[in-house]
Amino acid sequence: MTTKGFSMAAPETVYHYTTGKALGAILRSGFLEPSPSFSRATEKPVVWCSIRKDWEPSAACIQTLPDGRVIRRTKEEIRKQEGGLVRIALLADARMFHWEQYKRISRISPKHLRILTLFAQGCGADPQDWRVSFHPLPARFWACVEMEDARTGVWQPLSLRTGADLASLLREIRSCLPAMGEGQRVRLHTQLERLGAFWARGA
């Protein structure tokens, strides 16, 4: 876009990437809550977001196994184990900060900054794509909620205005259950049932 000879960049679209398993709690609360910081005593927690349009590689990629080992998961593994891939597009009036601003404002220590940078490198993420909010983001800042079609890789908007809309979403998430372990299936199924009952009361 140009105005009187000046070039103006188009506003960027910022997404919060998450999973079908986590979506139930997000919808129930109506907020995107900040993630815990490295050091709760000094560093400011943030809501992690990204301008990546396909998938943010750092989202939900870490898993702690029952034996205490920590592993990185691929996008496909996350999709299968976590009930699908979800993203929430944010409105332009949601106040976001980029990586350089985060480093200055968050009070993150040099040690933890190195750890975070190495984490990004390890999972194929680029911190320059990251955007953060230092405050919870209520639903009034959400432009839309989308779920990736596992067959085509296309992001599909989810309409969540009625109980019927939610029922369709629950069926989509439940289709991923066979790829989960038994314990994961039971926990997610219980969460989805509670979400469905909650939404039905308010619809």
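**Entry 1. The pocket**

I began with the largest pocket, which holds about 970 Å³ of space. The model I am reading is a predicted one. I counted 37 residues in the lining of the largest pocket, and S35, W48, S58, A59 and A60 are those that lie nearest its centre. I then asked which elements each supply at least two residues of this lining. They are strand 3 (14-19), helix 1 (20-29), strand 4 (31-32), strand 5 (47-50) and helix 4 (110-123). By residue class, I noted 21 nonpolar, nine polar and seven charged residues in the lining.

**Entry 2. A60 and R107**

A60, one of the residues nearest the pocket centre, drew my attention to its backbone. Its phi is near 55°, which is positive in a residue other than glycine. I recorded for comparison that most residues other than glycine have a negative phi. I located A60 in the loop between strand 5 and strand 6 (62-64). Is A60 buried, partly exposed or exposed? I entered A60 as partly exposed, because its relative accessibility is 34%.

R107 also has a positive phi, of about 65°, although it is not a glycine. I found R107 in the loop between helix 3 and helix 4.

**Entry 3. The nonpolar cores**

I next looked up the largest nonpolar core, which has 21 residues. Those with the most contacts inside it are Y17, W55, Y102, L116, W130, V132 and F134. Strand 3, strand 8 (85-90), helix 3 (99-105), helix 4 and strand 10 (130-133) each supply at least two residues of this core. Helix 4 gives the largest share, three residues. Apart from this core I found another, of 17 residues, among them L23, V47, L90 and W142.

**Entry 4. Y17 and Y15**

I listed the contacts of Y17, leaving aside its neighbours within four places in sequence. Y17 is in contact with S50, R52, K53, D54, W55, E56, A59, V86, R87 and W155.

I placed Y15 in strand 3. I entered Y15 as buried because its relative accessible area is 8%, under the 20% limit. Which residues does Y15 touch, not counting those up to four places away in sequence? I noted C49, S50, R52, K53, R87, I88, A89 and E146. For one of these, R52, I also looked up the spacing: Y15 and R52 are 37 residues apart in sequence and 7.6 Å apart in space, C-alpha to C-alpha.

**Entry 5. The cysteines**

I searched the whole structure for disulfides and found zero. C61 is in no disulfide, and the nearest cysteine sulfur, that of C123, is 4.2 Å away. That pair does not count as a disulfide, because the two sulfur atoms would have to be within 2.5 Å. I then compared accessibility. C61 counts as buried because its relative accessibility is 1%, whereas C144, at 27%, counts as partly exposed.

**Entry 6. The chain as a whole**

I closed with totals for the chain. The secondary structure comes to six helices and 13 strands. Of the 203 residues, 41% count as buried. I also asked what share of the contacts with a separation of 6 or more is accounted for by residues 24 or more positions apart. I recorded a share of 74%.

Note on methods:
Residues numbered from 1 in each chain as written. Predicted model: local features only at pLDDT ≥ 70, side-chain atom pairs only at ≥ 80, totals over all residues. Heavy atoms only, no water. 1 Å grid on protein atoms, 1.4 Å probe; cavity = no way out; pocket = protein on both sides within 12 Å on 5 of 7 lines; lining within 4 Å. Points joined across faces, edges and corners; volume = space filled by probe spheres on them. Helix = DSSP H or I, 4+ residues; strand = E, 2+ residues; numbered from the N terminus. Nonpolar A, V, L, I, M, F, W, Y, C, P; charged D, E, K, R; others polar. Core = buried A, V, L, I, M, F, W, Y, C linked by side-chain atoms within 4.5 Å. Buried < 20%, exposed > 50% of the residue type's maximum accessible area, 1.4 Å probe, protein only. Contact = heavy atoms within 4.5 Å.
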